Amino acid sequence: GSSITVKNDSGSVLQFSSNPHPQHTDERELNLSSLAPGKSTTFKVTNAGTYGFHNHLNESHTGKLTVE
């Protein structure tokens, strides 16, 4: 598994979640609890692939994560 760290550098709470919104079913390991401003969390992804993710609290904030 690959270790991934998510850090919230914004001024708002975020919730890192896998696509699609709002089901979050593409990769359940990406679905994290809410993260306060300035906080970070680390998790492991065990399945190789490319996964879309978004901030569940503001779904216009998106990205892709590739795990090899």
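Leu 32: I looked up its place first and found it in the loop between E2 and E3. The model I am reading is predicted. I then checked burial: Leu 32 has a relative accessible area of 15%, and since the cut-off for buried is under 20%, I entered Leu 32 as buried. For contacts I left aside neighbours within four places in sequence; Leu 32 then touches Val 6, Gln 15, Phe 16, Thr 41 and Phe 43. I also took one distance along the way. The C-alpha atoms of Leu 32 and Gly 63 are separated by 15 Å, with the two positions 31 residues apart along the chain counted as their spacing.

His 24: I found this residue in the loop between strand E2 (16–18) and strand E3 (40–45). Is His 24 buried or exposed? I noted 11% relative accessibility, so His 24 counts as buried. I looked for a polar partner of its side chain and found His 54, with a polar contact of 3.2 Å joining the two side chains. His 54 is also among the residues that His 24 touches, the others being Ser 17, Ser 18, Asn 19, Asn 31 and His 56; residues up to four places away in sequence were not counted.

Salt bridges: I asked how many there are, and the count comes to one. Lys 7 pairs with Asp 9, and their closest N and O atoms are 3.6 Å apart. I checked the accessibility of both partners. Lys 7 has a relative accessible area of 52% and is therefore exposed. Asp 9 is exposed as well, with a relative accessible area of 65%.

Methods
Residues numbered from 1 in each chain as written. Predicted model: local features only at pLDDT ≥ 70, side-chain atom pairs only at ≥ 80, totals over all residues. Heavy atoms only, no water. Helix = DSSP H or I, 4+ residues; strand = E, 2+ residues; numbered from the N terminus. Buried < 20%, exposed > 50% of the residue type's maximum accessible area, 1.4 Å probe, protein only. Polar contact = N/O pair within 3.5 Å; in protein donor to acceptor, adjacent residues only side chain to side chain. Contact = heavy atoms within 4.5 Å. Salt bridge = Lys/Arg side-chain N within 4 Å of Asp/Glu carboxyl O.
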